[in-house]
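Trainee: I should like to take a close look at a single part of this protein. Please treat the matter in one connected answer.

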Amino acid sequence: MFSIALPSNAAKKAKKVMPIETKVPVRPAGQKDVLGLTTPKMDVVRVGFIGLGMRGPGAVSRFTHLKGVEIKALCDLHPERVENCQKILQKAGLPEATGYSGSEDAWKKMCERPDIDLIYIATDWKNHAKMMIYAMEHGKHVACEVPAAMTLDEIWAVVNTAEKTQKHCMQLENCVYDFFELTTLNMAQKGVFGDILYAEGSYIHNLEEFWGEYNADWRLKYNKEHRGDIYATHGMGPACQLLDIHRGDKMNYLVAMDSEPVSIPNYIKNVRKEDSTGFKNGQHTMTMIRTEKGKTIHIQHDVASPRPYSRMYQCTGTKGFANKYPVEGYALQGSQVDASITPNHENLNAHSYVSDEIKDALMKKYKHPIHVELEETAKKVGGHGGMDFIMDYRLIYCLQNGLPLDMDVYDLAEWCCLAPLTSISLENNSAPVAVPDFTRGNWNKVKGFRHAFAK
């Protein structure tokens with residue numbers, strides 16, 4: 001065996017490695033945060049949709065099932081997509097909306113209308129930030145598909161615009177409304193898992209059969225040109241809600257590592273017969289995050305490998321554990337399961353999952369109030385098993401009742417910032433990178449994440 005002896009004082013002389021920091025702009029004078037933002041109640045929410053390709057038509061269809069909503073305008077670069085969505089309104093017995101198409105700036109005219117309250121954006125990533133900013137500047141609340149912003153400049157511009165205009169700016173992250181995730185969150189908030197110390201999340205989804213579906217090939221091009229976790233929000237959202245991020249805790253720094261890209265470059269070369277030189281995004285990207293309170297988050301991204309779909313959702317606490325992929329289940333200390341669930345709770349231990357019978361009883365006992373109200377309707381309306389409908393319903397419900405939205409602009413910033421920050425880490429040999437405090441000092445102002453309900 002060989003060993004390397006270091007001088008006895010080497011540890012004392014070693015310098016602490018400090019995370020790479022990015023610039024945090026000073027909040028403009030007269031501008032205030034939007035933590036817990038509420039706006040006047042709306043009896044009717046008037047909506048305009050931008051982007052009617054892959055995600056837009058489904059959103060229009062779901063909105064036809066919401067009460068107290070008027071679909072005022074539909075916009076897409078391609079006029080035939082507008083017409084297809086007009087048919088959705090016609091089928092639902094609703095009046096035709098004003099259509100906007102044929103120009104790359106047609107959406108601006110829609111945002112300038114005084115009779116629209118909410119702009120719903122489902123375009124490609126590259127256009128999200130400028131559309132959100134323009135809509136808010138013209139007095140509109142905004143809901144935007146994921147990821148809502150791709151660069152730090154975009155993220156800070158969106159945050160500043162939301163604070164300046166005091167308008168709601170919500171990212172349309174549907175996975176936080178999944179039935180298992182939301183039930184687990186309710187259990188965590190009621191102390192079933194003890195103190196939550198670690199959470200996992202991911203987007204693992206082989207997209208090879210879908211690459212050709214994206215307008216002008218924008219998504220594959222983005223992967224070719226950018227390195228890092230560029231689609232982190234499905235994993236980040238549920239994990240950050242479990243850990244009360246910017247509601248009592250904050251992310252301090254991250255470290256990223258990736259593997260050599262192979263599958264997508266081979267697809268480009270062998271299937272498309274195109275040049276794949278210079279492809280940047282790794283086959284598999286892993287990110288580790290540490291919070292102010294010493295908790296950790298593990299996030300993964302892989303859209304290239306032949307693997308089963310997974311969001312890797314996992315919650316690890318001092319008294320219990322929850323896991324969704326590949327096996328959905330709970331492991332709990334016996335003291336965490338009372339006799340109303342099983343009379344033999346003293347025989348339970350956290351070395352294995354609870355039985356299906358106990359799991360079902362737990363999920364029934366801790367069913368989230370949102371699911372109590374919406375589960376059956378959501379499953380009928382659909383959209384990723386119903387979680388899309390719940391997402392839209394909650395957005396409209398909160399606007400109509402003058403409540404804080406379930407997700408604010410700081411959630412948007414935190415969940416999207418992995419794209420630029422993981423790139424910095426990867427390009428610097430997986431160096432730690434500081435995660436900016438997008439609330440600029442107010443991360444501990446709100447004590448714990450909770451959904452708002454009308455009294």
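Does Asp117 count as buried or exposed, and at what relative accessibility?

Mentor: Asp117 counts as buried, at 14% relative accessibility; buried means under 20% relative accessible area, exposed over 50%, and partly exposed in between, with a 1.4 Å probe and protein chains only. Before going further, please note that this is a predicted model, in which local features need pLDDT of at least 70 and side-chain atom pairs count only at pLDDT 80 or more, while totals for chains, interfaces and linings use all residues. Residues are numbered from 1 along each chain as its sequence is written, and side-chain values use heavy atoms, with hydrogens and water left out.

The side chain of Asp117 meets that of Arg46 in a salt bridge, at 3.0 Å from N to O. The term denotes a side-chain nitrogen of Lys or Arg within 4 Å of a carboxyl oxygen of Asp or Glu. Arg46 belongs to strand 1, whereas Asp117 sits in the loop between helix 4 (106-111) and strand 4, so the pair ties together parts that are 71 residues apart in sequence. Helices (H or I, at least four residues) and strands (E, at least two) are DSSP runs, numbered from the N terminus. Unlike a buried residue, Arg46 is partly exposed, with a relative accessible area of 26%.

Strand 1 leads us to the sheet. Here 6 strands form an open sheet in the order 3-2-1-4-5-6, and the pairing is parallel; two strands pair if DSSP finds at least two bridges between them. Strand 3 (98-100) and strand 6 (169-171) stand at the edges, each with a single partner strand, so one side of each has no neighbour in the sheet. On average, neighbouring strands of this sheet are turned by 20 degrees against each other, direction ignored. Strand 1 and strand 2 pair in the parallel sense over 6 bridges, and Phe49 stands opposite Leu74 in strand 2.

Helices cover this sheet. Helix 13 packs on the sheet and touches strand 1, strand 2, strand 4, strand 5 (141-144) and strand 6, its direction making about 165 degrees with that of strand 4. Helix 3 lies across strand 2 and strand 3, running at about 160 degrees to strand 2. Such axes are lines fitted to C-alpha atoms, for helices over the stretch in contact, and angles run from 0 to 180 degrees between N-to-C directions; contact means heavy atoms within 4.5 Å.

Gln400 is found in helix 13. Leaving aside its neighbours within four places in sequence, Gln400 is in contact with Lys41, Met42, Asp43, Val45, Lys67 and Gly68. A polar atom of its side chain lies 3.1 Å from the backbone oxygen of Lys67.

Helix 2 (residues 56-63) completes the picture, with Gly56, Ala59, Val60, Arg62 and Phe63 buried. They cover an arc of only 165 degrees around the axis, which puts them on the same side of helix 2; the arc is that of the directions from the helix axis to the C-beta atoms. The buried residues of helix 2 pack against strand 1 (45-50), strand 2 (69-75), helix 3 (79-91), strand 4 (118-121), helix 12 (369-381) and helix 13 (387-401).

Notes. A polar contact is a pair of N or O atoms within 3.5 Å; within protein, one must be able to donate a hydrogen and the other to accept it, and residues adjacent in sequence count only if both atoms are side-chain atoms.
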